[in-house]
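Please walk me through this predicted model, region by region. Keep it short and practical.

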Amino acid sequence: MTSAPLVPGPVTARVPAKVNLELLVGPLRPDGYHALSTVYQAVSLYDDVTVAEDEQWGVSVSGALAGGVPTGEDNLALRAARLAAERFDGTPVHVSIRKGIPVAGGMAGGSADAAATLVALDQLWNLGLDREELETAAAELGSDVPFLVAGGTAMGSGRGELLAPVLARGTYHWVLALAEGGLSTPAVYAECDRLRHGVPVPEPVATPALMAALRTGDPHELAPQLVNDLQDAAVSLRPDLGDVLSSGMEYGALGGVVSGSGPTVAFLVENNEAGIDLAVALTASGVVRDVRRASGPVHGAHVIHQRVD
Ligand code: C5P
């Protein structure tokens, strides 16, 4: 009796979005990046990324938020797959992305897909990569990608890719106000430079008060510590975000901050019920296109399914 050769079945990895609890932007470096000190938190909005052996390289995107994701060679998940194949001797795969993370929203959706692709390929190709090997490959793909592999709450330095653990207690509840259209990350950094032109910019250093707040697990302590040096730039490019921020605070948020380079605004609320109330109020107000509720911290990219063929 002959049996068909075993083909590894498609592997699906789930990956969260991130918010930056603190994003301090230092001087522009000679390599075109800015020195950062940031504290990331992974939150429960997810993309699912499936990798499957195929005759040629390809990527497809589905889900209500799929619009605007590039499906060519500039797709970051496809770039992640090609990089992994080069480095670990892999063969072509098709990458299917199911989007639940807003696109170009400042929540690292593209970086998340790259992180999930690496984690899924690790399993598909049986590579047995350790965390350090995964994070090194991730850093080549983007500043946020290592964090999306790691998840939880972590401090990022360098250009955001050098991670250190942060002790965070409790679960935090977020309402995310999604905006019409996206913002280009390089454009927001460039606007930040323009607004600060002529002003001396110190090397960024994480704020001890934020770390202390995270150790309490109390959202009332964390709320006043939320800060984003890119916020003025994002609001300068999208003045409507100023109204979103003030509406959220008026409707009961404990704190609010533009997420990463925006335009998503992250509001911290006391608990799940407060999140429902704020989501309803923001939707009814008409100042936001759409809202999502999420909580964090959650795990980074992880395999949820492998089909056995
Ligand atoms: O690392 P990533 O590819 O996600 O960065 C996208 C762009 O954001 C960079 O090309 C750069 O313009 C800007 N950026 C920056 N400083 C950082 C991270 C990103 O200027 N630390």
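## Leu24 and its surroundings

Leu24 sits in strand β1, residues 8–28. Helices (H or I, at least four residues) and strands (E, at least two) are DSSP runs, numbered from the N terminus. The model is predicted: local features need pLDDT of at least 70, side-chain atom pairs count only at pLDDT 80 or more, and totals for chains, interfaces and linings use all residues. Residue numbers start from 1 along each chain as its sequence is written.

Leu24 is buried because 23 other C-beta atoms lie within 10 Å. The cut-offs are these: buried means 20 or more other C-beta atoms within 10 Å of the residue's own, exposed means 12 or fewer, and partly exposed is in between, with C-beta atoms placed from the backbone. Neighbours within four places in sequence aside, Leu24 contacts Leu36, Ser37, Thr38, Pro204 and Asp229. A contact means C-beta atoms, placed from the backbone, within 7 Å. Glu203 is 179 residues from Leu24 along the chain, yet their C-alpha atoms are 8.9 Å apart.

## Two domains

The domain assignment gives domain 1 (8–166) and domain 2 (172–296). Such bounds come from an automatic or database domain assignment. The domain centres, taken over C-alpha atoms, are 22 Å apart. Across the boundary, 31 residues of domain 1 are in contact with 35 residues of domain 2. On the domain 1 side, β1, β2 (34–53) and β5 (153–157) each supply at least two of the touching residues. That side divides into 20 nonpolar residues, ten polar and one charged. Here Ala, Val, Leu, Ile, Met, Phe, Trp, Tyr, Cys and Pro count as nonpolar, Asp, Glu, Lys and Arg as charged, and the others, Gly among them, as polar.

UniProt, in an unreviewed entry, lists residues 75–152 as "domain: GHMP kinase N-terminal". UniProt positions follow the numbering used here, feature names are shortened, and annotations may be inferred rather than shown by experiment. The span is 59% helix and 8% strand, and its end C-alpha atoms lie 25 Å apart.

## Helix α3

Which residues of helix α3 (residues 131–141) are buried? They are Leu134, Glu135, Ala137, Ala138, Ala139 and Leu141. Their cover includes α1 (76–88), α2 (109–124) and α4 (145–150).

## Around the ligand

The ligand is surrounded by Tyr33, His34, Leu36, Gly142, Ser143, Asp144, Arg159, Gly160, Thr185, Pro186 and Tyr189. A residue is near a molecule if its C-beta atom, placed from the backbone, lies within 6 Å of it. Two elements, β2 and α5 (185–195), give two or more residues to this shell. The largest share, three residues, comes from α5.

The shell divides into four nonpolar, five polar and two charged residues. Domain 1 and domain 2 each provide at least three residues of the shell.

## Strand β10 and its partners

β9 (255–258) and β10 (265–269) flank the loop that holds Pro263. The two strands pair antiparallel over four bridges. Pairing requires at least two DSSP bridges between the strands. Gly255 stands opposite Leu268 in β10. The hairpin has six residues between its strands, and Gly260 there takes a positive phi near 55 degrees.

On its other pairing, β10 runs antiparallel to β7 (residues 172–178), with five bridges. Leu176 stands opposite Ala266. Five of the five residues of β10 are buried. Val265, Phe267 and Val269 point one way, while Ala266 and Leu268 point the other way.

## Unusual backbone

Most residues other than glycine have a negative phi, and most peptide bonds are trans. The Gly262 to Pro263 bond is cis, with omega about 5 degrees. A cis bond also joins Gly296 to Pro297, with omega near 5 degrees. Pro297 lies in the loop between β11 (290–296) and β12 (302–308).

Ala104 is not a glycine, yet its phi is positive at about 50 degrees. This residue is in the loop between β4 (93–98) and α2. Ala104 counts as partly exposed because it has 19 C-beta neighbours inside 10 Å. Asn126, also not a glycine, has a positive phi of about 55 degrees. Its place is the loop between α2 and α3. Is Asn126 buried or exposed? Asn126 counts as exposed, with 8 C-beta neighbours inside 10 Å.

Methods:
Two residues are in contact if their C-beta atoms, placed from the backbone, lie within 7 Å.
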